[in-house]
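These are notes on the coordinates you sent, set out as numbered points. They can be followed with the structure open alongside.

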Amino acid sequence: MKNISELITLKPLDKKTDHRGWFLKAIDGNEVDNPFSCEVYFTAAKPGESKGGHYHIKAKEWFTLLKGEAELTLINTKTDEKLVILLEANNPMTVFVPENVAHVFKNVSKTDDFILAAFTNEKYDPVDTIVYNFS
């Protein structure tokens with residue numbers, strides 16, 4: 001029988017930072033014994049900064065704000081219909097965003113970073129991430 005140190009896998013992660021905040025992919029679908037083609041990641045944005053600003057042709061995503069406040073703007077790229085949702089960590093909810101819906105999260109707090117958890121059913125593919133102009 002294997003001892004516990006032989007059963008456990010430690011995977012160093014690459015936390016990316018820039019002027020907006022940070023991004024950390026916890027699960028990328030390439031883990032040992034991971035039978036799924038999915039990703040789990042966390043991202044943070046400083047006050048006034050935005051994350052996202054794109055849509056996917058294949059990927060579906062689920063988002064949960066863990067800390068702070070964010071204004072989520074959603075636009076159906078097929079119909080141009082727009083929806084804006086205020087997310088607050090003190091009133092937690094998970095938002096499902098299907099394919100072809102552009103999404104951007106703006107930190108609307110004056111003082112606190114936001115932290116956002118995300119799950120997607122697809123591994124990252126740059127061809128499936130289409131930048132969208134929200135202006």
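**Notes on the model**

1. Apart from residues up to four places away in sequence, E31 touches K11 and A26. The model is a predicted one. E31 belongs to the loop between β2 (21-27) and β3.

2. Is E31 buried or exposed? E31 counts as buried because its relative accessibility is 17%, and the cut-off for buried is under 20%. The margin can be read directly from those two values.

3. Two polar contacts involve the side chain of E31. One joins it to the side chain of K11 at 2.9 Å, and another joins it to the side chain of N34, also with a value of 2.9 Å. For the backbone, the C-alpha atoms of E31 and L10 are 10.0 Å apart, with the two positions 21 residues apart in sequence numbering.

4. The pair K11 and E31 also qualifies as a salt bridge, with 2.9 Å between the closest N and O atoms. This pair links distant parts of the chain: K11 sits in the loop between α1 and β1, E31 in the loop between β2 and β3, and they are 20 residues apart. K11 itself is partly exposed, at 38% relative accessible area.

5. Which residue besides E31 is linked with K11 in a network of salt bridges? The network consists of K11, D28 and E31. The D28 to K11 bridge has an N to O distance of 3.0 Å. It too links distant parts of the chain, with D28 in the loop between β2 and β3, K11 in the loop between α1 and β1 (16-18), and 17 residues separating them.

6. How many salt bridges does the model contain by this rule? The count is six. One of them, outside the network just described, pairs K16 with D14, where the closest N and O atoms are 2.5 Å apart. K16 counts as partly exposed, with 47% relative accessibility.

7. On the surface, I4, L7, I8 and L10 make a nonpolar patch of about 490 Å². I4 is placed in helix α1 (residues 4-7). I4 is classed as exposed because its relative accessible area is 64%, the threshold being over 50%.

8. Turning to the interior, the largest nonpolar core has 15 residues, and F63, F105 and F114 touch the most other members. Elements giving two or more residues to this core are β3 (39-45), β5 (61-67), β6 (69-76), β8 (94-97), β9 (101-107) and β10 (114-120).

9. What does F114 contact, leaving aside neighbours within four places in sequence? The residues in contact with F114 are T43, A44, A45, K51, L65, K67, G68, E69, A70, F105, K106 and N107. F105, in that list, is also one of the three residues named above for touching the most other core members.

10. T120 lies in strand β10. T120 is buried, with a relative accessible area of 4%. Beyond residues up to four places away in sequence, T120 touches C38, E39, A59, K60 and E61.

Note on methods. Residues numbered from 1 in each chain as written. Predicted model: local features only at pLDDT ≥ 70, side-chain atom pairs only at ≥ 80, totals over all residues. Heavy atoms only, no water. Core = buried A, V, L, I, M, F, W, Y, C linked by side-chain atoms within 4.5 Å. Buried < 20%, exposed > 50% of the residue type's maximum accessible area, 1.4 Å probe, protein only. Helix = DSSP H or I, 4+ residues; strand = E, 2+ residues; numbered from the N terminus. Contact = heavy atoms within 4.5 Å. Patch = residues over 30% accessible without salt bridge, like charges linked within 9 Å, V, L, I, M, F, W, Y side chains within 5 Å. Areas by Shrake-Rupley, 256 points an atom, 1.4 Å probe, with all protein chains shown as cover. Salt bridge = Lys/Arg side-chain N within 4 Å of Asp/Glu carboxyl O. Polar contact = N/O pair within 3.5 Å; in protein donor to acceptor, adjacent residues only side chain to side chain.
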